[in-house]
Amino acid sequence: MARDIKFLVKDIEEATINAARTACVEIMNGLVEAGPGYSGEFSSAWYAVEQGQSPGKPRSKQGLYKYNLRNVPKTKFKSSGVWFQIVNGADHAAEAMDLVEGRFISQLDQDKYPIKDPVNTGRRTGARRGEVTSGAGFAISTAPLDWWSTYNAGGALSNDLARGVQQGFGKARGFK
Amino acid sequence: MNYQAIRAAVENPLLSAFSGLSPAVPVYFDNITAVPPNTTTEYVRVNVTFGITNEPTLTSSVDNARGAIVIRIFTEKGRGPARNQTLLTTAVNVLEALNDTAKTTSGVFFRVGEINGPTFSATEAAPHFVGRIDTSYVATVLS
């Protein structure tokens with residue numbers, strides 16, 4: 001039976017919130033896939049927040065984090081006319097995203113291995129996280145240099161966003 | 001797909017622009033080790049990354065690639081931002097010029113998106129003040 005037209009505005013609102021939440025989940029899981037992963041801490045620290053708000057702290061250090069709708073509560077998306085950002089709350093987020101230089105510990109001084117397969121193992125060629133080249137050395141990089149910019153600009157972000165919106169909108173009542 | 005032609009389309013004009021300055025400023029591209037990090041010599045690092053290749057578009061051409069261009073300017077720390085910003089302007093001018101280039105029947109048609117930054121950083125350990133901009137690009141190989 002067709003749904004009564006009086007629910008249309010409410011249904012569209014619900015569908016839009018679903019779309020936004022699902023898109024956030026898709027993007028955050030896309031960022032986990034694209035980004036580095038040593039302990040898993042950085043991967044667990046993505047948050048969707050209103051512009052200007054601070055993200056929370058990392059949720060886990062036990063492997064790569066897998067996001068679902070529980071990480072993006074519906075209540076967050078009740079305000080209208082606001083911009084949302086996906087930001088990382090790890091203390092070393094800027095270093096992990098190759099935005100600033102950092103100080104890195106040689107793999108020789110570590111008692112564990114990264115949870116993600118390295119993309120480069122060898123000599124450190126600069127002070128940014130991803131500046132590691134193959135060859136003799138003990139530096140490890142688990143995501144290419146500038147993975148963050150590449151995710152944003154290279155098409156992966158728009159693909160994840162589109163997929164999330166499509167899935168989320170379609171799941172809403174009245175649009176199934 | 002001709003990744004090398006795409007890379008050259010952005011690297012060559014950047015190299016020419018910084019080489020043409022007086023004094024010339026060295027530019028280091030992907031997989032080239034930059035000057036030792038403990039020197040105060042100014043230099044430029046350009047990283048070109050590739051995202052999605054051959055994304056379907058509304059045009060007949062599918063020979064295209066998207067990606068990011070990240071430009072970092074290293075100048076001496078503790079001397080203010082002026083020199084760094086002067087060199088950033090050179091880089092931004094090159095990117096703007098790329099967008100002004102007319103489409104031809106061969107070669108690479110290159111367009112950059114909005115430019116993020118500049119952002120600046122300096123760490124206690126490193127001798128450089130670093131200015132950073134990045135932008136997206138879409139390049140189509142024409143034949």
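What pattern does chain A follow when read along the sequence? Colour chain A by secondary structure and trace it from the start: you should get α-β-β-α-β-β-β-α-α. That comes to four helices and five strands. Keep in mind as you click around that this is a predicted model.

**Stop 1: chain A as a whole.** Show just the C-alpha atoms. Along the principal axes they fill a box of roughly 70 × 25 × 25 Å. Of the 176 residues in chain A, 40% count as buried. If you like contact maps, look off the diagonal: among contacts in chain A with a separation of 6 or more, 66% are between residues 24 or more positions apart.

**Stop 2: a helix pair in chain A.** Now select residues 8–34 of chain A, which is α1, and residues 156–171, which is α4. Their axes come within 7 Å and cross at roughly 145 degrees, and the crossing is right-handed. To see who meets whom, turn on side chains: the α1(A) side includes Ala15(A), Ala19(A), Thr22(A), Glu26(A) and Gly30(A), while the α4(A) side includes Leu157(A), Leu161(A), Gly164(A), Gly168(A) and Phe169(A). Colour the whole contact by residue class and you'll find eleven nonpolar, six polar and five charged residues.

**Stop 3: helix α2 of chain B.** Hop over to residues 82–100 of chain B. Quick sanity check with the distance tool: at 1.5 Å a residue, these 19 residues should span 27 Å, and the end C-alpha atoms are 27 Å apart, so the two agree.

Next, pick out the buried residues of this helix: Asn84(B), Leu87(B), Leu88(B), Ala91(B), Val94(B) and Leu95(B). Look down the axis and they cover an arc of only 110 degrees, which puts them on the same side of α2(B). The numbering hints at this, because an α-helix has 3.6 residues a turn, so residues three or four places apart point the same way.

What do those buried residues pack against? Select α1 (3–19), β2, β3, β4 and β5 of chain B, and there are the partners. Then spin to the face turned away from the buried side, where the exposed residues are Ala82(B), Thr89(B), Asn93(B), Glu96(B), Ala97(B) and Asp100(B).

**Stop 4: where the chains touch.** Last, show both chains together: 20 residues of chain B are in contact with 14 residues of chain A. On the chain B side, β2 (43–53), β3 (64–76), β4 (107–121) and β5 (128–142) each supply at least two residues. The largest share, five residues, comes from β2(B). By class, this side of chain B has eight nonpolar, nine polar and three charged residues.

Key:
Residues are numbered from 1 along each chain as its sequence is written. Chains are lettered from A and ligands numbered from 1 in the order in which they are written. This is a predicted model: local features need pLDDT of at least 70, side-chain atom pairs count only at pLDDT 80 or more; totals for chains, interfaces and linings use all residues. Two residues are in contact if their C-beta atoms, placed from the backbone, lie within 7 Å. Ala, Val, Leu, Ile, Met, Phe, Trp, Tyr, Cys and Pro count as nonpolar, Asp, Glu, Lys and Arg as charged, and the others, Gly among them, as polar. Axes are lines fitted to C-alpha atoms, for helices over the stretch in contact, and angles run from 0 to 180 degrees between N-to-C directions. A crossing is left-handed if the near helix is turned anticlockwise from the far one by less than a right angle, and right-handed if clockwise. The expected span of a helix is 1.5 Å times one less than its number of residues. A residue is buried if 20 or more other C-beta atoms lie within 10 Å of its own, exposed if 12 or fewer, and partly exposed in between; C-beta atoms are placed from the backbone. The arc is that of the directions from the helix axis to the C-beta atoms.
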